[in-house]
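I have opened my notebook for a first tour of this structure. Come along while I look things up one by one.

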Amino acid sequence: MTSAVSDTASGRPPSNVPVLQVRDLSVAYGTPRGSLGAVDRISFDLYPGESLGVVGESGCGKSSMGRGLMQLLPAGAEVSGSATLAGRELVGASDQQLRRLRGEDIALVFQEPMTRLDPLMKVSAHFVEAIRAHRPGVDKDEARHMAREALAQMGIPRTRADNYPHEFSGGMRQRIMIALGIVLKPAVVIADEPTTALDVIVEAQILDLLDRLRADERVGLILITHNLGIVAETCDRVAVMYAGHIVETGSVEQVFNDPKHPYTRGLMASTISLETTALHSIEGYPPDLVDPPPGCRFHPRCPDAMYQCREKIPEHAEPNPGQHASCYLYPGSGQPDPEEPPGTLAAALHA
Ligand SMILES: Nc1ncnc2c1ncn2[C@@H]1O[C@H](COP(=O)(O)OP(=O)(O)OP(=O)(O)O)[C@@H](O)[C@H]1O
Ligand code: SF4
Ligand SMILES: [Mg+2]
């Protein structure tokens, strides 16, 4: 699914050239039980200055997608398909090419920054190391200057650059990690649950900083999160993942106001808001990705399932311009079997 850019939320003129084009990207882990397909042939475009929220239940492949794009996967994992970053292919790139691309062109910000910062190294030394690994011609003083500027951009006083990681709060450490990620001004930043361990005030500050980065530097931002509220507030577009597939994409307005895929509807209903008093969770669990169900992977849990949903994975239909859903409820999703009366599978499954 290659939706046109919808940049209206930010009020900026749309860019027609994606900075990142992902086509049929798959990530599989080798496990004792067999190959586990964590990401299965996903496709999307990301435009400069756009923020794409990636949501879905735990285990649906969000982090694997982010790590697959960065080619940061454990031994035995396989990535296939294509991901081109400003025209350069990431999948299958050599270690040397990847070292150059990571940090310089694409950066991944994880949660748990303490595990990524060396407690024995001053914060500035982390920057000097990262900068000089990419740009050996930059001398140490210049690298320290770049560090101070990147920290200041993330709201950390320049004077704190020579402190050690433990001298900062959790929220400040996360901002340091983001500063490290952006010091070389990458075109794409993938933030994987960047605020999960933080309190709401610090969370809001970090989201604001990421948003400024997107707006000022026109960074393409992929924000992976469990928190639909964060996506509603900070993203232009959203991609909903279920069991390794992207099942719905659209602008935040479209997907939040008029979700089309039954899974998205279930996710929305599971979110507690000020208006709701009850939490309706989707019945059942995501499938085992070593042996996923045939057809639409959501069919065992779907209240709208039809017999044909078990047969073949639906295509991405476009129920509204720019909003795509992989579901047989919509024309363009592939030809459901007209012989079968709709709803009968759901009735049988949920009887
Ligand atoms: N190193 C690994 N080896 C084997 N399986 C893995 C590995 N990492 C993740 N998986 C499996 O891949 C699937 C997707 O996991 P992933 O971490 O990408 O999901 P997620 O959407 O990021 O979940 P969460 O919201 O909990 O972070 C899950 O079934 C998970 O168990
Ligand atoms: S394709 Fe069928 S099972 Fe899948 S979400 Fe749509 S109606 Fe439900
Ligand atoms: Mg994850």
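**Entry 1: the largest cavity.** I began with the walls of the largest cavity, lined by His261, Pro262, Cys296, Phe298, His299, Cys302, Ala305, Cys309, Pro314, Ser326, Cys327 and Tyr328. A reminder to myself: this is a predicted model. I sorted the lining by class and got nine nonpolar, three polar and no charged residues. The volume of the largest cavity comes to about 70 Å³. My count of cavities of 30 Å³ or more is three.

**Entry 2: ligand 2.** What sits in the largest cavity? I found ligand 2 there. I then looked at the 13 residues around ligand 2, and the ones that come nearest are Cys296, Cys302, Cys309, Cys327 and Tyr328. By class, I wrote down ten nonpolar, two polar and one charged residues for the shell around ligand 2.

**Entry 3: strand S12.** Ser326 of the cavity lining led me to strand S12, which covers residues 323-326. Are the faces of S12 covered or open? I noted that both are covered: Gln323 and Ala325 are buried on one side, and His324 and Ser326 are buried on the other.

Next I looked up the partners of S12. Strand S10 (residues 245-251) pairs with S12 in the antiparallel sense over two bridges. Which residue of S12 is the bridge partner of Thr249? I found His324. Strand S11 (residues 316-320) also pairs with S12 in the antiparallel sense, over three bridges. Here Ala317 stands opposite Ala325. S11 and S12 form a hairpin with two residues between the strands, and Gly322 in this hairpin takes a positive phi near 85°.

**Entry 4: the second largest pocket.** I turned to the pockets, and the second largest has a volume of about 260 Å³. Its lining has 13 residues, and Asp40, Arg41, Ile313, Pro314 and His316 are the closest to its centre. Pro314 was already in my notes, as part of the lining of the largest cavity.

Which elements give two or more residues to the lining of the second largest pocket? I found strand S2 (34-46) and S10. S2 gives the largest share, with four residues. By class, the lining of this second largest pocket divides into five nonpolar, four polar and four charged residues.

I stayed with Arg41 for a moment; Arg41 is found in strand S2. Arg41 has a positive phi of about 50°, although it is not a glycine. I added a general remark: most residues other than glycine have a negative phi.

**Entry 5: helix H1 and Gln71.** Arg41 made me look for another positive phi. Helix H1 (residues 62-70) is followed by Gln71, whose phi is positive, near 60°. Gln71 is not a glycine either, and I located Gln71 in the loop between H1 and strand S4 (78-85). Is Gln71 buried or exposed? Gln71 counts as buried because its relative accessibility is 18%, and the cut-off is under 20%.

H1 itself is mostly covered, with seven of its nine residues buried. I listed the buried ones as Lys62, Ser64, Met65, Gly66, Gly68, Leu69 and Met70.

**Entry 6: the largest pocket.** How many residues line the largest pocket? I found 23, and Arg102, Gly103, Ala130, His134 and Leu180 lie nearest its centre. The volume of the largest pocket is about 770 Å³. Helix H2 (95-104), strand S6 (106-109), helix H3 (123-134) and helix H5 (170-182) each supply at least two residues of its lining. By class, I noted 13 nonpolar, five polar and five charged residues in the lining of the largest pocket.

**Entry 7: strand S6 and Val183.** S6 came up in the pocket lining, and I checked its faces next. Both are covered, with Ile106 and Leu108 buried on one side and Ala107 and Val109 buried on the other. S6 runs parallel to strand S7 (residues 188-192), and four bridges join them. In this pair, Ile106 stands opposite Val188.

My last stop was Val183, in the loop between H5 and S7. Val183 counts as buried because its relative accessible area is 8%. I also took the C-alpha to C-alpha distance from Val183 to Ala130: the two are 53 residues apart in sequence and 8.8 Å apart in space.

Terms used:
Residues are numbered from 1 along each chain as its sequence is written. Chains are lettered from A and ligands numbered from 1 in the order in which they are written. This is a predicted model: local features need pLDDT of at least 70, side-chain atom pairs count only at pLDDT 80 or more; totals for chains, interfaces and linings use all residues. Side-chain values use heavy atoms; hydrogens and water are left out. Buried means under 20% relative accessible area, exposed over 50%, partly exposed in between (1.4 Å probe, protein chains only). Two strands pair if DSSP finds at least two bridges between them. A residue is near a molecule or strand if one of its heavy atoms lies within 4 Å of it. On a 1 Å grid over the protein atoms alone, a cavity is a set of points where a 1.4 Å probe fits but cannot get out, and a pocket is an open set with protein on both sides within 12 Å along at least five of seven lines; lining residues have an atom within 4 Å of a point. A molecule sits in a cavity or pocket if more than half of its atoms lie within 2 Å of its grid points. Ala, Val, Leu, Ile, Met, Phe, Trp, Tyr, Cys and Pro count as nonpolar, Asp, Glu, Lys and Arg as charged, and the others, Gly among them, as polar. Grid points are joined across faces, edges and corners, and a volume is the space filled by probe spheres set on the points.
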